[in-house]
Amino acid sequence: MKDAVPSTSPRAKLAGRSARRSRPNRDEAAVSRSPLQHPVAEALQVPRQATPPESERQRLEPLSPAEGAAFAADRLLHAWQGRLTAGISPAALIEAFSDWAIHLSNAPGKQADLVRKWLRKMLRLAYWAARAPADPSVPRAIEPLPYDKRFLAPEWQTFPAAALWQSFLMWQQWWHNATTGVRGVTPQHEEIVRFTMRQMLDAVAPSNFPLINPEVLRVTVEQGGANLLRGFQNFIEDTERVLLDRPPVGTERFQVGRDVAITPGKVVFRNRLMELIQYAPTTPTVRGEPILIVPAWIMKYYILDLSPENSLVKFLVDSGHTVFMISWKNPGASDRDLGLDDYLSLGVLRALEAMRAIVPARKVHAVGYCLGGTLLAIAAALLAREQRDELKTITLIAAQTDFSEAGELMLFINDSQVAYLEDIMWDQGYLDTRQMTGAFQLLRSNDLIWSSLIRQYLLGERRPMNDLMAWNADATRMPYRMHSEYLRKLFLNNDLAAGRYRVAENCLGGGLVSLDDIRTPIFAVSTTTDHIAPWRSVYKIHWLSDAEVTFVLTTRGHNAGIVSPPGSKGREYRMTAKGPDAPTLDPDLWYERAPPREGSWWPAWQKYLERSSSPRARKATPPGAPHRGYPVLADAPGTYVRET
């Protein structure tokens, strides 16, 4: 075991240092900061915040009844406010805008530059507007960004409609200039102000107003207003479903166990946190090493087992693999105290224990998706530290291990915002599905909010529901303690990448874990337009682990890029492998040098697993092992996935 203090940080490794990071012994008396409750006065459970000494220890002390009551009152107030602000901390917004406004007010040069840019934009727009009615070929004053699809319809291309959206885009561009590049503003505050202003401008885009939206006006005239009638009916139906807490229209065509999550299998183990599914083989013989898939518990597991033509599980089973899947329980208020260590011990480690009994004397191909991949990386580091050679390969799908550049989700992660979310969750016992969904939708408000409202309520069109959309509507809750630890330890403090992450004693004795202990080959997958786990962030596994790393970058987003069965149109990926001692390229340089390949990444991954597996010589057997204490408990997809 290493016993020196950490000698180099991940940022130093990213800068080019090759020295291997060391860490304190797991028995040293250092503990992570805890955001959790502390028992007080028999009835209240509140934390005592204390200034941590240099060892980064945080001392928890009981509060007096009066202090506890005051603290609880503050939390209840924040929880009530959170229902009105969609979980966004008003203090965090005020702090960010104050920082920006103070520095901008003290920057006359920046102000003068903004005035100059505004005059130039107006002159350019006026020049276009004077000539466009007589000469439609005159170059526009401004063009939409490549991802902005709001003004592409032919009706928007002629005067005066074109003048509306060009004025709006110029105004939007000017506000981008005004909210960025102000010296002295902290980077996160700048991003918060920029993001917030973008949301406000998106809300008042000309495309959102039917009387000035030429596409809506044309459809209304052609259909005699029938589109507006259908849109009103859609609005009433959607409102009713929201109030009655029912899923969106069309999801009834994708019922779990009937239309999706129908790959045959059995539940072979169950505890209070997860069910372990073993899928039935479809080939006479199977490869020696089984596969364990650890999905994220922020959503239901069947993202990887959608309809048969989109099922990664079916693809693996038909390729001769024995596949196990964790199906997480949908937590409620009674599960508020479940933490990350519970998901580690009762989830990944317990699943591996069951697999050792069902498929004895075999290593495991471990696969983790999103948050499940982060948890798998922690488990792999823990097993490596204990010198338990149980994993054959590790596949991390859209999973981050370094959260220093976690994309626009970091807008919601600072001390003020995390404390606010903790108070909301403290009242509920969990993070509600609507709060999570709303945050993700804001990251792509044009596509997921405003464009959808225009299509459904102004044009009267329903986008056909598909299996991926139905799964996306089947969200789960997250326990108070787990989500608080996740936000603080991983996002806010980045403990895992920095070598400070500590697990509890019930996880193989507990202590610190370090990713650079991992020697098992890693297959990492990311997607080009991932707003949740940006690919450059996922790429950092190259610097955090001393293992062989095969990195794949595929097109599309966090979910649609992963659900990529063979034969999907318009798919492309890049793939390279790097040995433990080979130099690591900068991600942008890697992108330039990695040649694009057409098609799905699934077959490339399956070949990787095949090369890393024993020959297909083991006879396929039914799921479970009753003689070893693992009888069949139920048919797949089990009971936990059906919980709402």
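In which sense do β3 and strand β19 (residues 634–635) pair, and over how many bridges? In this predicted model, the pairing of β3 with β19 is antiparallel and runs over two bridges. Lys-266 sits opposite Asp-635 of β19. Strand β3 (residues 265–270) also has a partner in strand β4 (residues 274–279): the two run antiparallel and are joined by five bridges. Here Gly-265 is bridged to Tyr-279 of β4, and the link from β3 to β4 is a hairpin of three residues.

On the helical side, helix α10 (residues 340–358) meets helix α16 (residues 480–492), with axes that come within 8 Å and cross at roughly 105°. That angle falls in the 65 to 115 range, so α10 and α16 count as roughly perpendicular to each other. Leu-340, Asp-341 and Tyr-343 make the contact from α10, while Met-482, Glu-485, Tyr-486 and Leu-490 make it from α16. Sorted by class, that contact has five nonpolar residues, two charged ones and no polar ones.

As for empty space, two cavities of 30 Å³ or more turn up. The largest cavity holds about 70 Å³, and its lining includes Gln-278, Tyr-279, Thr-322, Ile-358 and Arg-618. Tyr-279, the β4 bridge partner of Gly-265, is thus met again in this lining. Seven nonpolar, four polar and one charged residues make up the wall of the largest cavity. The second largest cavity comes to about 50 Å³; among the residues lining it are Trp-297, Lys-300, Trp-328, Thr-476 and Val-641. Its lining splits into five nonpolar, three polar and two charged residues.

Methods: Residues are numbered from 1 along each chain as its sequence is written. This is a predicted model: local features need pLDDT of at least 70, side-chain atom pairs count only at pLDDT 80 or more; totals for chains, interfaces and linings use all residues. Side-chain values use heavy atoms; hydrogens and water are left out. Axes are lines fitted to C-alpha atoms, for helices over the stretch in contact, and angles run from 0 to 180 degrees between N-to-C directions. Helices (H or I, at least four residues) and strands (E, at least two) are DSSP runs, numbered from the N terminus. Angles under 35 degrees count as roughly parallel, over 145 as roughly antiparallel, 65 to 115 as roughly perpendicular and the rest as oblique. Contact means heavy atoms within 4.5 Å. Ala, Val, Leu, Ile, Met, Phe, Trp, Tyr, Cys and Pro count as nonpolar, Asp, Glu, Lys and Arg as charged, and the others, Gly among them, as polar. Two strands pair if DSSP finds at least two bridges between them. On a 1 Å grid over the protein atoms alone, a cavity is a set of points where a 1.4 Å probe fits but cannot get out, and a pocket is an open set with protein on both sides within 12 Å along at least five of seven lines; lining residues have an atom within 4 Å of a point. Grid points are joined across faces, edges and corners, and a volume is the space filled by probe spheres set on the points.
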